[in-house]
Every structure is written in C-alpha cells, then in structure tokens.
Amino acid sequence: MKRRDFIYLSGLGAGAMMLPDLSAFGKSINAQDLLAPIDAKAKKALADVALNAARSAGASYADVRIGRYLSQFVATREQRVQNVSNSESFGVGIRVIANGCWGFAATNDVTKEGMAKTAARAVAVAKANAKIGGKPVELAPQKGYGEVSWKAPIEKNAFEVPIKEKVELLLAANAIATKGGANFVNSAIAMINEQKYFASTDGSYIDQDIHRISPNFQVTRIDPDTREFQSQPSLSSPMGMGYEYLTPLASEKVTGVVTRYKQRYDMLEDIKQATVNAGEKLKARSVEPGKYDLVLDPSHLWLTIHESVGHPTELDRVLGYEANFAGTSFVSLDKLNSKSFKYGSEHVNIHADKLQKGSLGAVGYDDEGVKCGEWEIIKDGVLVNLQAIRDQAKMIGLNQSQGCCYADSWDSVQFQRMPNVSLKPGKNPLSQEDMIKNVEKGIFIVNNGSFSIDQQRYNFQFGGQLFYEIKNGKIVGQINDVAYQANTREFWNSCAAVCDERDYRLGGSFSDGKGQPQQVSAVSHGSATARFNGVNVINTKRRIG
C-alpha cells in the first residue's frame with residue numbers, strides 16, 4: 001500500500017490528525033487469521049514469566065503489555081478496487097521501575113525465553129537511566145484487579161463480514177456518485193481490532209478486546225467551464241463500533257438542510273447528497289468577511305473541542321513536558337488552582353469519559369491497568385481539572401490516576417493520551433431548528449476542514465466543509481471559503497447556547513498524533529449543536545494585491 005493511500009484510508013483527510021505510525025500495522029496476513037484469538041491463560045503464563053524476571057533483576061514495579069493489533073483496509077476508486085489489506089502486529093512491551101527510574105524494552109519474540117530476556121533488558125535500561133539522576137518516579141497507588149476482561153460492546157465483528165460485501169458497498173457508493181455527476185470518487189472502510197493483555201506487579205491481569213471502524217469517501221466535481229473543482233467528504237464519523245455502524249436506521253439520522261448521522265451510518269444516502277452538495281459548492285458565492293454568529297454542527301465542533309480544549313488540558317503539555325504537534329498549552333497549574341479561571345461561558349460544560357459507548361477511546365482499563373471512568377474538565381465555564389496518568393496524578397493533587405495512559409503498539413512505551421473529551425448538551429430543551437430561528441446574521445457550519453492553532457493552543461483558525469448562510473432566522477443557501485478566527489478563551493466565552501441531548505453526536509479522529517517518536521491514538525468528541533456569537537469570519541479565497 002502506498003503511503004498516500006494509507007493516509008486517506010485512515011480518515012486523515014482533515015489534515016488535522018497527523019500521520020500514523022506505519023510500523024504499528026505489522027505483517028500482511030490472510031483474512032481468516034483475523035478471527036483467531038489468543039487464549040488469555042497462555043498470555044497470563046507468559047506475563048508471569050516477564051514479571052518474575054523483572055523482579056529478579058531488581059525492578060520495584062513492572063508491567064507487561066502483550067498486544068495483537070489487527071487491521072483491515074478496503075479501498076476503491078470509481079469502478080475498481082484499489083486495495084485490500086489485512087495485517088497483524090504482535091509482540092510485547094515491558095515497562096519497569098528500577099532504582100527509581102523508568103526502563104522499557106519490547107520484542108516480537110513472544111516466548112518464555114523472549115519475555116525473560118526482554119524484562120531483564122528493560123531493568124538494565126532503567127538502571128542505566130538512574131545513573132543520570134533526577135527525581136525518583138512516584139506512582140499514584142493502584143490496586144490489582146486480578147484476572148478481569150473488557151470487550152467493546154459491538155454487535156457485529158467487522159472482520160467477520162466478507163470482503164466481497166464491503167467491496168460491493170463501496171462500489172455501489174461510487175456508482176451513485178458517478179451517476180450523480182462526480183468526476184472522481186474514492187471510498188474506503190478501515191477496521192481496527194486491538195487485543196491487549198496487561199499484567200503488572202500490582203496484581204492485575206486484564207484482557208481487552210477493542211474494535212474501531214471508519215467508513216469514508218470523497219467525491220470531486222469539476223466545473224466544465226472554469227475547470228475549478230470542489231470536493232466533499234463523507235459525513236460519517238470513525239466510531240468505536242462493529243460493522244453494525246453501516247446498518248442504516250432512520251432513528252439515527254438528523255434531518256435538516258443536510259442529513260447527518262448518529263450511531264448508524266447510511267453511506268449510500270450520504271454519497272448521493274455529497275455529490276449534489278459538491279455541485280452546489282461550485283456555484284456558491286464567496287463569504288463576505290466580518291462578524292457572524294456561528295451555529296456549529298457536532299460534525300464540525302468535535303475538531304474545535306479536540307484542538308482548543310482536549311490538547312490544552314493534557315497535563316504534560318501544561319507542564320511543558322510535551323510540545324510535539326502544536327506545542328504546549330496556555331493553561332497553567334496556577335489557572336487550575338485558582339478554581340475561578342473562566343475558560344468559557346456558563347453554557348460550557350466539558351467532561352472526559354473513557355467509557356462512552358460507541359466512542360473511539362472507550363476502554364475498560366488504560367495501559368497502566370487503571371479502571372477507566374468519567375470526570376469534569378470545565379464546569380459551568382470554569383476550569384476544574386486536567387488529564388493525568390499515574391506518575392502525574394500527584395502534581396495536580398489527585399490520589400489516583402484518571403486512566404489516560406495509552407500506547408499505540410506493543411513496541412511503543414505508554415504515555416499520557418487524551419480521553420474522549422466532550423461538550424455536554426444543554427440542560428434546557430433546544431433543537432437545532434429553534435437555535436437557527438434566533439440567529440439574524442450567521443453561518444451554519446457542517447463537518448470539519450483545515451485548521452491551524454498556535455504553540456500555546458490559544459490563537460486559532462478553523463475551516464469546515466459545508467457553510468450555510470443564516471439570515472433573519474432562516475438558512476438561505478450555501479456560501480463558501482469560510483474560516484473563523486478567535487482565541488480559545490474568547491471563543492468558548494462567546495458560547496451562547498447548546499442544543500439538548502436529542503442533538504448529541506460523536507465526531508472523532510482515527511489517528512491523533514502526539515509524542516516523539518510519534519504515536520497515534522483514536523479519540524471521540526461529542527457535542528450537540530452550539531451557538532457562538534460575534535466570531536470573526538475571514539474569506540479564505542481572497543488574496544492581498
């Protein structure tokens with residue numbers, strides 16, 4: 001598979017979510033091998049070998065992650081199959097504390113001998129690190145859970161669905177687009193299954209089965225006279241679900257000027273509308289710059305939440321320990337400890353939830369064996385908490401980790417990653433239609449586009465995919481070339497209303513990049529439609545001179 005194909009298949013069209021680590025997807029395998037699990041008892045026996053070897057070598061703490069990462073990609077373009085791939089990456093990562101320092105080693109030799117050698121190597125790394133000095137690692141306490149398991153609550157394992165069925169769906173979608181006037185069309189389905197086994201000297205043996213799916217497409221139409229073109233991607237979201245996501249349900253649709261989707265997705269319906277929308281975008285007038293009241297659909301707002309709240313409230317960015325991919329954070333411990341820092345208006349309630357059903361980041365336990373849960377980050381507009389793992393918890397006065405630790409592969413060391421971070425729906429009944437009725441001069445934005453944000457996660461600019469002008473409470477047609485600029489505090493403090501839970505939907509990223517060496521993670525962000533008053537809108541097509 002070519003790199004550009006992989007990026008497309010991973011749903012990275014927004015350009016926001018960085019490039020995935022190709023090494024995590026391992027060797028090519030037969031499709032039937034995707035359905036052969038490894039027995040948990042065998043993994044426990046191997047993990048015990050590693051834990052005992054680490055203790056014998058001098059580790060005061062050790063954890064073992066036996067990971068089997070499976071992926072399948074099916075891609076098409078117009079009338080042909082572009083690629084089908086099945087891959088497996090299998091191995092073990094062992095992390096230890098010895099002489100007060102971390103050590104880590106990994107191997108794909110998943111035998112008793114390989115586990116013992118790798119554990120000893122991890123301890124040797126820790127002891128070598130200890131010679132450099134520094135403050136000893138201090139972990140928040142964590143009880144052992146014994147032998148437990150967690151499975152994503154999927155209804156239909158996507159790997160059990162024949163490839164032929166997936167190809168037929170994609171080619172049918174392409175045919176609809178071509179018939180509707182598309183000049184080019186790509187479509188794909190990406191599926192991930194993480195089979196993760198965690199064991200630690202705390203006494204936990206945790207077996208987890210995690211599934212994710214990302215169906216997507218992009219249609220392109222060219223104006224035959226001007227040769228200008230417009231593209232329109234799918235309105236699907238990558239989800240922490242099985243193949244049931246591709247079983248359309250009328251109850252999971254949000255109707256309006258364009259149909260959007262909740263926990264079920266209708267690819268054929270969406271691509272038909274997307275082809276029409278791309279044609280209308282070719283004729284849409286360019287936006288007049290100025291101040292507008294923005295009505296942001298959840299299909300768009302998730303990315304703004306991700307970049308302007310999710311990343312800035314990562315404790316490692318706050319502390320300056322992490323600066324890859326758009327820098328550190330304007331948030332500080334002083335702002336958190338003041339208990340009065342107004343991040344947003346009273347309508348802004350943002351929480352983290354590692355167990356949210358259907359979300360990309362849903363797991364029962366993180367990669368430190370911490371049982372996952374939910375907590376508030378912004379309450380009634382005030383910053384009240386951040387995101388932390390075991391060796392960070394004490395820094396913000398917590399007596400236990402929030403379960404934010406994750407590694408994208410068995411050979412990657414786990415570190416702090418963003419949980420599902422979402423804007424809670426409004427408490428008072430408010431539909432999207434009612435919200436738009438109260439807007440005199442505004443823009444309704446659907447789906448995410450390009451963005452930029454500064455190295456403190458403060459000043460930003462966001463685009464989108466579909467822009468509808470609102471005049472005197474009514475949508476009057478598509479406009480184009482829209483982007484809005486603000487700083488994080490001004491923007492969230494301009495939030496004037498959030499629709500109620502009936503409009504709540506998830507968006508998200510299949511491959512959010514962070515760290516050096518780079519790792520990727522999958523994360524969802526939910527919200528209902530929200531209104532932001534008086535936001536500066538620019539015209540992205542205009543040039544100076």
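In which loop is R457 found? In this predicted model, R457 is placed in the loop between β20 (451-453) and β21 (459-462). The backbone of R457 has a phi near 60°, a positive value in a residue other than glycine. A second backbone feature concerns the peptide bond from Q516 to P517, which is cis, with omega near 5°. P517 belongs to the loop between β26 (505-514) and β27 (519-527).

Two domain annotations are available from UniProt. The unreviewed entry assigns "domain: Metalloprotease TldD/E N-terminal" to residues 62-126. In the model, this stretch is 23% helix and 65% strand, and its end C-alpha atoms are separated by 11 Å. The unreviewed entry also lists "domain: Metalloprotease TldD/E C-terminal", at residues 289-537. Over residues 289-537, helix accounts for 14% of the chain and strand for 36%, while the end C-alpha atoms are 5 Å apart.

Attention may next be given to one sheet and the helix that lies across it. Strands of a sheet pair through backbone hydrogen bonds, in either a parallel or an antiparallel sense. Here, four strands form an open sheet in the order β15-β14-β13-β18, and the pairing is antiparallel. The edge strands, β15 (382-383) and β18 (421-423), each pair on one side only. Between β14 (residues 374-379) and β15, the antiparallel pairing extends over two bridges, and K379 stands opposite V382 in β15. Helix α6 (residues 298-310) lies across β13 (350-353), β14 and β18. Relative to β18, helix α6 runs at about 120°.

The empty space in the model was examined in terms of pockets and cavities. Rolling a probe the size of a water molecule over the atoms shows where empty space is left. The second largest pocket has a volume of about 930 Å³. Its lining comprises 30 residues, of which W102, I389, D391, Q414 and F415 are the closest to the pocket centre. The elements contributing two or more residues to this lining are β4 (101-107) and β17 (415-416). Strand β4 provides the largest share, three residues. By class, the lining of the second largest pocket divides into 10 nonpolar, 10 polar and 10 charged residues.

Enclosed space is also present: the structure holds five cavities of 30 Å³ or more. The second largest cavity has a volume of about 80 Å³. Which residues line the second largest cavity? The lining consists of R212, K354, G361, V363, C404, Y406, R417, M418, S521 and A522. Five of the lining residues of the second largest cavity are nonpolar, two are polar and three are charged.

Conventions:
Residues are numbered from 1 along each chain as its sequence is written. This is a predicted model: local features need pLDDT of at least 70, side-chain atom pairs count only at pLDDT 80 or more; totals for chains, interfaces and linings use all residues. Side-chain values use heavy atoms; hydrogens and water are left out. UniProt positions are given in the numbering used here, feature names are shortened, and annotations may be inferred rather than shown by experiment. Two strands pair if DSSP finds at least two bridges between them. Contact means heavy atoms within 4.5 Å. Axes are lines fitted to C-alpha atoms, for helices over the stretch in contact, and angles run from 0 to 180 degrees between N-to-C directions. On a 1 Å grid over the protein atoms alone, a cavity is a set of points where a 1.4 Å probe fits but cannot get out, and a pocket is an open set with protein on both sides within 12 Å along at least five of seven lines; lining residues have an atom within 4 Å of a point. Grid points are joined across faces, edges and corners, and a volume is the space filled by probe spheres set on the points. Ala, Val, Leu, Ile, Met, Phe, Trp, Tyr, Cys and Pro count as nonpolar, Asp, Glu, Lys and Arg as charged, and the others, Gly among them, as polar.
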